[in-house]
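Student: I am new to this structure and would like a close look at a single part. Please take one sheet and the helices around it, and then follow the connections outward from there.

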Amino acid sequence: MRKQDDFYAAINGTWEEQAEIPADKPRTGGFNDLSDAIEELMLATSDQWQAGENLPDDVVLRNFIKLHHLTTDQARRNEVGLAPVKDILQQISALNSFDEYTQNIARFEKLAWPNAMPFGIAPDFKDARTNVLWADALGTILPDTTYYEPGHEKGAELLAAYRETTLPILMKFGYTETEAQTLLDQNIALDARIAKYVLSNEENAEYAKLYHPYQWDQFKALVPNLPLADFMQEMIGSQPDQIIVPEERFWQNADQFYSEEAWPLLKAHLLIDAMLDYTSVLTDEMRIMGGAYGRIISGTPEPSSTKKAAYYLAAGPYSQALGLWYAQNKFSSDAKKDVELKVSTMIDVYKERLENNSWLAEQTRQKAIKKLDTIVAHIGYPNELPQRYYDKVIDENKSLFDNFQTLSEQSIQYEWAKWNQPIDRTEWHMPAHMVNAYYDPQQNQIVFPAAILQAPFYDLKQSSSANYGGIGAVIAHEISHAFDTNGASFDENGSLNNWWLPEDYAAFEERTQAVIDQFDGLESYGVKVNGKLTVSENVADLGGLSAALAAAKRDAVFSAKSFFINWATIWRMKARPEFMQMMASVDVHGPAKLRVNVQVANFDEFFQTFDVEKEDQMWRDPAQRIQIW
């Protein structure tokens, strides 16, 4: 394949032909290759710890090792069997009316049992310093509300798969086939109601439009059947002044879910949730059965091995501790210093580009620069673990289920304790051994875990231009999120605040609409790309490439060829069609191939470097090439 016709395929085609997707995974590629290598390292290391070799001194990791002992003890897990969940089912089954359910919702919440109370504590969009109460919605069985539309190719097929994979689980818990089918009928009926009112993934992707504050009494009036005053008294010890309601339609139709009429459906929902939620901590047979529906959605042919599943089950509660171990053992101080310098350079370049911006008025431009100057960057790993990790003490005399029950209760207590408290700006949202990066609009922070700071994204042995086409573009991508279609609505303090002049924001919307148009309707894995769903990430890619290219040009030795080739290399991916078709409806990121080909064609340097002419498939008329930041 010629670079002038399909740049992504020309760079990655040979790799793609030879690459094999692991049988227990939906995709492989740049990010995933690194994740798989880290997985191998962590499995080998935890094997040593299990054998009593090279044990860490850290008390938190010692508790991870204890939990890992319990997750790998299949004989003991089989001995305990399904009894703990049967006890939960018995208590839910004993609820004979909606009124009896409402009397138990706070108790169930504290126990981390299914209770259909979709409340959470998160920062206030208008005051990013404080955690407030949010009202979300119940989730749907299918990946997105679009799957419920008449004529959707996959909707009915996946609901049938859900029924087929869930039925044997219910029967394992002692329900007859007739009883199990009835429960499934009721749960699917409730699911159809939920799907009518909850937000689609496209709607959820527009953060600023999710902010709907309600006075507490005003919100309670929407749900008169629920004793919310009593529930909140139990959970936070008082009544909140207000609640943020992103899922307005759901709560405006609350009687469809929370009423005596809906109780049989809701009860079935609670019972099935209890059976599905705990499959991973019961027997390995139940773990495999519990993952069957997800494997159908993603097209993954095999479940994870028993060994992998045991590791990940134990690792979940200790992710930050394991990430800290990884970073301290595998991430060099030289690399940290060099990446910190690159972040500083990228911010400097971004400032220069904002100062020279031709379509913003001076007032808006200065506010954008102020926001840029306030961004805080975290590189590699956090300075310390959150204090709550030291409370995660494992009792090896208790069963795996009982230990997870304790951990779950601690997690619930921690989440509710955040209400009305200041935001912890030191805590990371990703462990250091995760191959990823993020921008937090409410803390105005960019975070780059150690795991992504390696080849092909970054390597001290790579050329500077290649590194800018990799980690440089990723760094600038995260900075660009401060000025994407979501981040642009938040100020330098992380609060929802319009800092734009109206004419400037109109010009911004015109440019972002052009990005939507570039992607919308493009074919990928047999489905169409949703340009609106993916716009924030596509705007960040465009800004990231623009700033990284400008930074790369500062070096005495600059190669546009190396820059663009490494951009294409980091996005190489081979995936299962079922997985990509599902991701097209749920993921705000566009398909990897389009993130390469659509974006590079916005740059004159790409056409010049690779001699792309009008008759070539990669050609884009100069008037159609977009630049925003």
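Tutor: Helix H22, residues 464–480, lies across strands E7 and E8, and its direction runs at about 150° to that of E8. The model is a predicted one, and every value below is computed from it.

The sheet under H22 is an open one of 3 strands, in the order E6-E8-E7, with mixed pairing. Its edge strands are E6 (376–380) and E7 (438–440), each of which pairs on one side only. From one strand to the next, the twist averages 15°. Helix H19, residues 333–355, also packs on this sheet, where it touches E6 and E8. The direction of H19 makes about 155° with that of E6.

E7 pairs with E8 (residues 445–449) in the antiparallel sense, over 3 bridges. Within this pairing, Tyr438 has Val447 in E8 as its bridge partner.

The chain between E8 and H22 is a loop, and Pro456 is found in it. The peptide bond from Ala455 to Pro456 is cis, with omega near 5°.

Next, one residue of H22 itself. Gly472 lies in this helix. Is Gly472 buried or exposed? Its relative accessibility is 0%, so Gly472 counts as buried, the cut-off for that class being under 20%. Leaving aside neighbours within four places in sequence, Gly472 is in contact with Met346, Asn467 and Ala548. The C-alpha atoms of Gly472 and Val343 are separated by 7.8 Å, although the two residues are 129 apart along the chain.

H22 also leads to another helix, H25, residues 560–570. In H25, 8 of the 11 residues are buried, so this helix is largely enclosed by the rest of the structure. The buried residues are Ala560, Phe563, Phe564, Asn566, Trp567, Ala568, Thr569 and Ile570. Which helices do the buried residues of H25 pack against? They pack against H1 (7–18), H2 (30–50), H22, H24 (535–552), H27 (592–600) and H28 (604–609).

One of those partners, H27, contains Gln599. Because its relative accessible area is 1%, Gln599 is classed as buried. With neighbours within four places in sequence left aside, the contacts of Gln599 are Phe519, Asn538, Asp541, Leu542, Leu545 and Leu594.

Now back to the chain ahead of E7. Asn420 lies in the loop between H21 and E7. Its phi is near 65°, a positive value in a residue other than glycine. Asn420 has a relative accessible area of 48% and is therefore partly exposed, as the exposed class begins over 50%.

H21 (400–417) also takes part in lining a cavity. The structure holds 1 cavity of 30 Å³ or more, and the largest cavity has a volume of about 90 Å³. Its lining consists of Leu70, Asp73, Arg76, Arg77, Val80, Gly81, Val281, Leu282, Ser399, Leu400 and Phe401. The elements that give two or more residues to this lining are helix H4 (74–80) and helix H21. H4 gives the most, with 3 residues. Sorted by class, the lining of the largest cavity has 6 nonpolar, 2 polar and 3 charged residues.

For a second case of strand pairing, turn to E2 and E3. Strands E2 (residues 119–124) and E3 run antiparallel and are joined by 6 bridges. They form a hairpin, with 2 residues between them. In this pairing, Pro123 stands opposite Asn131 in E3. E3, residues 127–135, is mostly covered, since 7 of its 9 residues are buried.

Ahead of E2, the loop that follows helix H7 (105–110) contains Ala112. Phi of Ala112 is near 65°, which is a positive value in a residue other than glycine. At 25% relative accessibility, Ala112 counts as partly exposed.

To return to the starting point: H22 lies across E7 and E8, while H19 touches E6 and E8. H22 is also one of the helices against which the buried residues of H25 pack.

Methods: Residues are numbered from 1 along each chain as its sequence is written. This is a predicted model: local features need pLDDT of at least 70, side-chain atom pairs count only at pLDDT 80 or more; totals for chains, interfaces and linings use all residues. Side-chain values use heavy atoms; hydrogens and water are left out. Buried means under 20% relative accessible area, exposed over 50%, partly exposed in between (1.4 Å probe, protein chains only). Helices (H or I, at least four residues) and strands (E, at least two) are DSSP runs, numbered from the N terminus. Two strands pair if DSSP finds at least two bridges between them. On a 1 Å grid over the protein atoms alone, a cavity is a set of points where a 1.4 Å probe fits but cannot get out, and a pocket is an open set with protein on both sides within 12 Å along at least five of seven lines; lining residues have an atom within 4 Å of a point. Grid points are joined across faces, edges and corners, and a volume is the space filled by probe spheres set on the points. Ala, Val, Leu, Ile, Met, Phe, Trp, Tyr, Cys and Pro count as nonpolar, Asp, Glu, Lys and Arg as charged, and the others, Gly among them, as polar. Axes are lines fitted to C-alpha atoms, for helices over the stretch in contact, and angles run from 0 to 180 degrees between N-to-C directions. Contact means heavy atoms within 4.5 Å.
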